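I opened a fresh page to keep track of what I looked up, one topic to an entry. My plan was to write down each answer together with the place where I found it.

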Amino acid sequence: MIPALKVDGLKISIRTDEGIARVLDDVSVTLESGRIVGVVGESGCGKSTLIRAIMGILPRGASVDGGKIWFEGENLLVFSEKELNQRVRASRIGFIPQDPLQALNPVFKIGTQLLEAMRWHAPGSRRDHIARLVMLLGRMQVPDPAGALERYPHQFSGGQRQRLLIAAALACAPGLVIADEPTTALDVTTQHQILLLLRELVAEFGISLLFVTHDFGVVAELCDDLCVIYAGQTVEAGTVQSILEAPSHPYTRALLACHPDRADSFVGIPGIVPSPLARPAGCLFAPRCGDVRPLCREATPAQGRARSGAAVRCVQYS
Amino acid sequence: MSRVLGRRQVGGLAAGALVAGPLAIGSVRTVRAADASTFITAAGLPINLDPHQVYDVPMQGIMLNAYDNLYRYQNDPPQIVPWLAASHTVSDDGLTWEFKLKPGVKFHDGSPMTAEDVVYSFRRVLALALAPAGAFLKILKPENVTAVDPQTVRFKLDAAYAPFFAAIPSISIVNPRAIEPNAKNSDWGKSWLASNGAGSGAYKIIPTGYRPLEYLDMEINEGHFMGWGDNPKPVKKIAYRPAKESSTRLLALLNGSVDCTDGNMPADQVEQINASKIAFVQKDSVMKTFVIRMNNTKPPFDNINARKCFAHAFNYMGFINDILGGYATRDPYPMPDNLWGIPKDAKGYDYDLKKAKEYYAKAVAEGAPMKRAFEIHVQSENEQSVQGAQLFQADLAQIGITLKVVGSIWSTLTAAAAKPETTPDMWVHWVSTYFVDPENWVGQMYDSQFHGTWKASAYYKNPEVDALLRKARATVKQEEREPLYQDAIRKIMADSPDIWIYNSMQLQGFNKRVKGRRFCTVGQGAEVRWITLAS
Amino acid sequence: MLRFILRRCILVLPSLAGLLLITFLLIHSVPSDPAVAMAGDAGTPEQIARLRAQYGLDRPIWEQFFVYVGKAVTFDFGESVFSRRPVATDILQRLPATLELTFASLMISILLGVPLGVVSALNHNTWPDYILRVFSVLGIAVAAFWFAIMLQLFFAMDLGWLPLRGDLTSTMARPPRVTGFLSLDALLAGRWDVYLDHLRHLVLPAVTLSLGGLATIVRFTRAGVLDTLQQDFVFYERAMGYRWLRLVWVFILRNSVTATVTQIGLLFGGLIAGAVVVEAIFDWPGIGSYTVQAILTGDKQVMLAVTLLVGTVYAVVNILVDVVHGLLDPRLMEQG
Amino acid sequence: MSAILAKLSRDVPAMLGLVIVVFVLILAVFGPLIAPYPGDASASHLLRRLKPPSEAYPFGTDNLGRDIFSRVILGARGALTIALTVVGVAMLVGVPLGLLAGYRGGWLSEAIMRITDVVLAIPQLVLALALAQLMSPSIESAMLALSLTYWPFFTRIVYAETRRLSSAVFVDALRGVGASTPRIVFLHILPNALSPVIVRATIGLGFTILVAAVLGFLGMGATPPAPDWGLAIAESRTYLPRAWWYATFPGLAILITVMGFNLLGDGLRDIVDPRIRRSR
């Protein structure tokens with residue numbers, strides 16, 4: 001079976017005033033149909049760029065230096081802006097943004113904004129669209145779904161807004177949904193409810209879900225597969241279960257150690273993510289690695305496979 | 001944004017107009033108004049239309065076209081000729097004047113004009129006591145204007161006043177039957193008449209075609225008492241479309257959208273207009289003198305040598321020939337040189353910086369504060385007064401006198417001139433013809449009883465001159481008055497209270513289709529009844 | 001909504017009262033004496049004294065102020081001492097012409113300025129942006145009177161396409177006065193010839209007057225769009241597959257024009273001031289040339305009334321600006 | 001500072017503006033040394049009036065035979081003096097009032113902002129013209145009138161910034177550690193509020209030159225024989241369109257100078273405005 005989405009060795013750089021920033025440097029993610037993959041990493045390691053690349057909305061000055069994005073058997077990178085807009089976005093790839101308040105246009109009614117996407121990307125008449133939206137909002141447990149369409153974004157609570165946007169992502173019946181840390185802006189209870197909802201929706205609407213987050217707790221609760229990104233590179237990928245049981249890459253281990261549920265005491269990872277403008281030679285994680293060897297600073301490690309079955313980018317496994 | 005929109009939309013949106021600039025003075029398209037019977041003038045409008053409230057150059061256009069007067073100045077040089085009046089008599093003591101009206105004169109509403117209407121008009125002028133009343137207020141009481149019979153008006157003056165007759169044409173005869181129904185709280189209908197007409201003149205004011213200072217339409221009065229026998233093809237409609245900017249006025253004349261400008265065409269535009277195919281400049285001598293006033297009460301102007309120093313420092317001929325393009329005549333007298341009463345033997349002051357320096361030294365020796373900074377106030381909106389002052393400034397600088405040019409406006413200047421303390425060191429103005437009589441110039445400028453008015457703002461006081469001027473004013477016969485004025489002027493010139501520069505020439509641009517215009521210095525050629533538009 | 005407008009209107013009144021007081025004191029400390037001017041060139045001191053008493057010009061200034069305010073509230077702004085007409089009548093006669101002019105120029109500024117501002121922002125820091133910015137600044141920087149004369153030379157003289165001056169061809173009869181707006185009156189009278197002729201006369205002055213506003217609108221629209229482009233919702237809406245044109249011209253634009261609308265409000269005051277010069281050059285029969293005339297002759301009644309009028313227009317326009325803000329952004333309306 | 005310059009150097013229009021402003025400043029300071037006929041500030045030469053541009057007189061001569069090129073150069077000083085004085089005075093009045101109103105709040109703030117509104121509603125030109133009458137038309141009364149109408153802009157900006165900043169976290173913290181009010185206002189709020197003020201001032205300089213030119217045009221600004229650009233255009237009206245050079249060169253001088261200040265101000269705004277800064 002073809003995967004719902006397969007990002008393969010994606011390399012993206014951005015020309016800035018300070019020089020060329022290599023934001024993505026060999027990222028690979030595979031999302032099998034009907035599953036949920038979690039993409040995990042610290043801020044600044046390229047998660048947003050990955051999403052933007054899949055949607056085809058890169059910032060000015062960005063260029064794709066290599067790799068492919070396979071979606072339903074087609075390479076999205078060869079699509080023109082027009083094709084992406086007419087054939088992919090919304091209709092086949094839905095999107096759930098991180099902060100629903102920021103993502104909604106403050107001066108238009110919810111209905112106007114949601115119907116605008118459906119107008120171009122969903123079959124049927126405007127009346128059909130409204131009916132589907134009302135159905136979806138009801139399913140998302142938004143109170144008074146018909147009335148909600150007539151209200152403005154600031155008139156909803158945070159949790160409700162997130163439900164609105166989940167409904168929006170599903171409105172045109174896409175096969176793939178990308179969620180960009182959709183729960184970070186919410187309190188723990190709401191977060192939990194939303195995750196439950198998402199889990200149900202994957203089966204119910206037959207979608208595949210790419211879930212970007214920095215939170216291993218969320219991954220553990222929601223995802224089937226996992227992809228850890230560091231400094232624009234995939235460092236470890238495999239099933240959630242295998243990786244959580246036996247994390248192989250030192251970075252994954254360090255991240256897991258930071259998580260409050262697992263850590264005995266609060267420890268952070270020393271140092272910061274290297275700037276995409278000035279990257280060290282050898283393994284990018286070497287400067288921060290607790291298990292660093294001389295070899296790490298010389299050669300870029302190749303992909304290897306850990307005992308757990310996960311793909312790992314570390315000299316220990318190659 | 002990876003998406004770049006509209007690079008191509010940017011193009012030459014704003015480019016066009018700016019480039020046009022200086023290239024644009026090539027061939028001029030003419031936009032002739034198709035209507036060959038409408039005379040379009042860019043001359044200014046008076047502040048309102050009531051000839052008893054306003055008396056200035058723009059008002060002449062209303063007075064001479066929409067109204068009639070008892071006598072009227074005609075021709076060049078001006079002659080006073082009977083108009084509504086057929087004739088007049090004056091008593092030997094010069095106090096009682098009787099005017100006999102022509103029969104059959106009708107106002108615009110068709111009602112016949114009688115002596116009572118003339119009485120009403122003069123009483124209205126005296127009651128309003130505005131500009132045109134100036135010549136009469138001191139010597140004429142309202143009850144002393146009476147109708148002897150329907151065709152005869154009698155004036156009994158309080159004192160003999162020679163200029164009385166010269167001032168008669170300044171009063172327009174108005175129709176009380178049109179005015180009185182519109183009068184409010186016995187205001188003599190002055191609000192109403194400010195935007196309407198109530199005359200008998202050759203043209204009728206169309207009230208709906210009037211917006212103050214912007215436009216005014218008048219149409220022909222076919223039944224005018226003078227008839228139209230002397231002009232078989234008169235203008236049917238006069239359209240006043242005043243141009244506020246000198247440059248716009250010029251362009252309008254050059255593209256044929258107006259038939260004439262006002263009479264203040266700058267000399268520098270003359271050549272350009274005469275070079276055009278469509279327009280020409282008419283030059284006429286007028287009685288309008290250009291004076292730099294000195295405040296004789298402020299040191300050092302109380303010193304005669306100081307005043308003479310200044311009088312010798314002005315470059316008269318340079319100003320007239322180079323700046324005014326020769327369109328003015330040097331007039332060294334305190335009066336127009338083409339008026340009677342000038343002592344032709346008297347010699348004026350000439351531009352001579354050597355003499356000026358000598359007088360400077362004399363004045364300093366006498367303790368006059370010649371080193372202080374002087375101010376000359378000019379009417380900012382009037383280019384000529386500014387240029388004259390700047391020229392003076394440059395010359396005075398050569399003999400070590402500092403002069404500051406201060407821009408001002410007419411109403412501020414006249415208000416300042418009301419007191420010797422507030423009157424500036426020097427200021428510049430013209431004296432136009434309000435009536436053709438030496439009284440209009442020397443009489444009101446140098447008789448000390450007029451101190452406090454702008455005309456007398458030199459604050460010159462010489463008892464001998466006062467006596468001569470007063471005697472001349474009370475004498476009726478011109479041949480008796482002439483030597484009195486000549487004597488007074490000799491004395492005034494010897495004292496050099498002011499700097500007299502030139503007598504003006506009126507420059508007015510006309511479209512070449514304008515024929516038959518007649519000029520008279522009083523009214524400055526504003527009378528349209530003689531004009532024919534060639535097709 | 002109504003309450004919102006009413007509250008604004010009430011807040012305006014004290015401001016106008018303050019404006020009136022300041023202007024009154026200022027103008028009445030001007031030394032020029034209307035009585036002198038009224039008496040005319042040939043006026044005598046007796047005449048002047050009589051006029052001064054007649055018009056209450058010899059009274060203390062406070063008394064004059066209260067008399068003035070008492071009348072002003074009934075829309076009686078007194079009589080112009082020069083033209084002898086009620087100032088209110090004169091202003092009413094002329095205001096429509098100025099409003100036509102300012103409205104037309106504002107339309108030109110908005111219709112050109114908003115799209116150019118958007119294009120400039122979308123091409124941020126590339127040559128189209130640079131060129132548009134320089135051109136829009138040229139619009140502010142060019143002295144209107146110089147530009148006006150150049151327009152006259154080119155379009156009225158050389159090409160002969162447009163009339164040189166005035167608001168109507170001299171030989172054309174004016175339609176009956178109903179609204180005072182010549183364009184409307186012409187339409188009401190069914191006079192298409194007058195209407196079109198009037199519009200032709202409107203072009204050059206309106207273009208001249210629109211320059212400054214055009215530049216301001218370009219510049220604020222550009223800043224507004226740049227600001228909006230940074231917002232998360234723009235990415236979200238693109239991700240949702242909005243059509244680009246609708247995204248820019250509907251969804252982004254509405255979020256970007258708040259500052260532009262504020263500026264349009266502020267511009268209005270400037271437009272009326274700018275009309276002074278433009279009306280003089282094009283002989284447009286509006287309030288601007290009337291004001292200059294009043295100032296040059298020292299007609300204090302007119303100066304006062306005009307200041308009050310411009311202040312009122314300014315206040316009304318700014319209430320409108322608040323209303324438009326409310327319509328553009330529902331969040332503002334809820335705050336009242 | 002160098003960071004700002006570095007950013008500015010990448011903004012082509014802003015650099016153009018900077019170059020123009022520096023150029024005009026040089027003219028203003030060294031004008032009398034640069035001008036070929038410095039004496040033509042006041043002298044008049046009737047014999048060579050209204051000559052078209054030539055080698056000796058690159059911009060032609062004016063109605064009194066003075067070299068327009070020299071007068072355009074000499075005019076820079078006057079233009080800048082007016083602009084700097086007006087904007088300086090307006091800032092001296094407007095900035096403290098804005099700080100006071102923004103930081104103190106209450107009736108004082110309300111009163112200040114009301115007065116600001118009233119003054120903003122006074123038509124600038126009418127006020128300027130009225131003042132010109134009051135004090136006789138001169139450059140001084142024009143400057144006073146312009147200052148009187150320009151300060152409210154600064155008050156508004158500073159008020160808004162102060163409002164924003166005084167509720168900011170760091171000011172709360174400063175209050176917490178017991179910093180005195182003047183210390184907070186002058187050391188912490190003012191410097192932070194200053195950048196929009198500088199931007200406004202830069203644009204204001206250009207604007208003032210323009211309005212002063214309009215006043216000169218109406219005979220209410222500079223007085224002869226000052227080599228003022230606006231005055232020159234006003235004087236030239238009588239000689240248009242024949243003496244096209246008379247109006248054109250002073251007109252271009254105004255255009256370029258005002259454009260310089262505006263481009264520089266816009267560029268500075270792009271850099272200083274934190275919302276737009278993110279895009280870079």
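The entries below go through confidence, domains, helix packing and some backbone details.

**Entry on confidence.** I began by reminding myself that this is a predicted model, and then I looked up how confident the predictor is about chain B. The mean pLDDT of chain B is 87, and 93% of its residues reach 70 or more. Residues 1–27 of chain B are a stretch to read with care, since the pLDDT there is below 50, although this stretch has 39 contacts in the model beyond near neighbours in sequence.

**Entry on the domains of chain A.** I looked up the domain assignment of chain A, and it gives domain 1 as 5–92 + 174–313 and domain 2 as 101–173. The C-alpha centres of these two domains of chain A lie 28 Å apart. Where they touch, domain 1 of chain A supplies 12 residues and domain 2 of chain A supplies 11 residues. Which helix gives the most to the domain 1 side of this contact? I found that it is helix α8 of chain A, residues 188–204, with 4 residues. I also noted the make-up of that domain 1 side, which has 10 nonpolar residues, 2 polar ones and no charged ones.

**Entry on the domains of chain B.** For chain B I wrote down domain 1 (15–51 + 201–259 + 513–533), domain 2 (68–179) and domain 3 (285–505). Between the C-alpha centres of domain 1 and domain 2 of chain B I noted 30 Å. In this pair, 11 residues of domain 1 of chain B are in contact with 13 residues of domain 2 of chain B, and the domain 1 side divides into 5 nonpolar, 5 polar and 1 charged.

**Entry on helix α6 of chain C.** I looked up two packings that involve α6(C), residues 127–141, starting with its partner in another chain, α10(D), residues 244–272. Their axes are 9 Å apart and make an angle of about 130°, which means that α6(C) is oblique to α10(D). The crossing of α6(C) and α10(D) is right-handed. Among the residues in this contact are Val134(C) and Leu138(C) from α6(C), and Leu255(D) and Met259(D) from α10(D). The contact of α6(C) with α10(D) divides into 9 nonpolar, 1 polar and 2 charged residues.

Within chain C, helix α5(C), residues 87–122, packs on α6(C) at an angle of about 140° with the axes 8 Å apart, so α5(C) is oblique to α6(C). I noted that α5(C) passes α6(C) in a left-handed crossing. Leu116(C), Val119(C) and Ser120(C) make the contact from α5(C), and the α6(C) residues include Leu132(C) and Arg133(C). Here I counted 4 nonpolar, 2 polar and 2 charged residues.

**Entry on the backbone.** I kept in mind that most residues other than glycine have a negative phi, and most peptide bonds are trans. Is the peptide bond from Asp76(B) to Pro77(B) cis or trans? I found it to be cis, with omega near 0°, and Pro77(B) sits in the loop between β3 (71–74) and β4 (79–82) of chain B. The peptide bond from Pro299(B) to Pro300(B) is cis as well, and Pro300(B) belongs to the loop between β13 (279–294) and α9 (304–312) of chain B. In chain A I noted Asp144(A), which has a positive phi of about 50° although it is not a glycine; Asp144(A) lies in the loop between α5 (126–139) and α6 (145–148) of chain A.

Methods:
Residues numbered from 1 in each chain as written. Chains lettered and ligands numbered in written order. Predicted model: local features only at pLDDT ≥ 70, side-chain atom pairs only at ≥ 80, totals over all residues. Domains from an automatic or database assignment. Contact = placed C-beta atoms within 7 Å. Nonpolar A, V, L, I, M, F, W, Y, C, P; charged D, E, K, R; others polar. pLDDT = per-residue confidence, 0-100. Axes fitted to C-alpha atoms, helices over the stretch in contact; angles between N-to-C directions. Parallel < 35°, antiparallel > 145°, perpendicular 65-115°, else oblique. Left-handed = near helix turned anticlockwise from the far one by under 90°.
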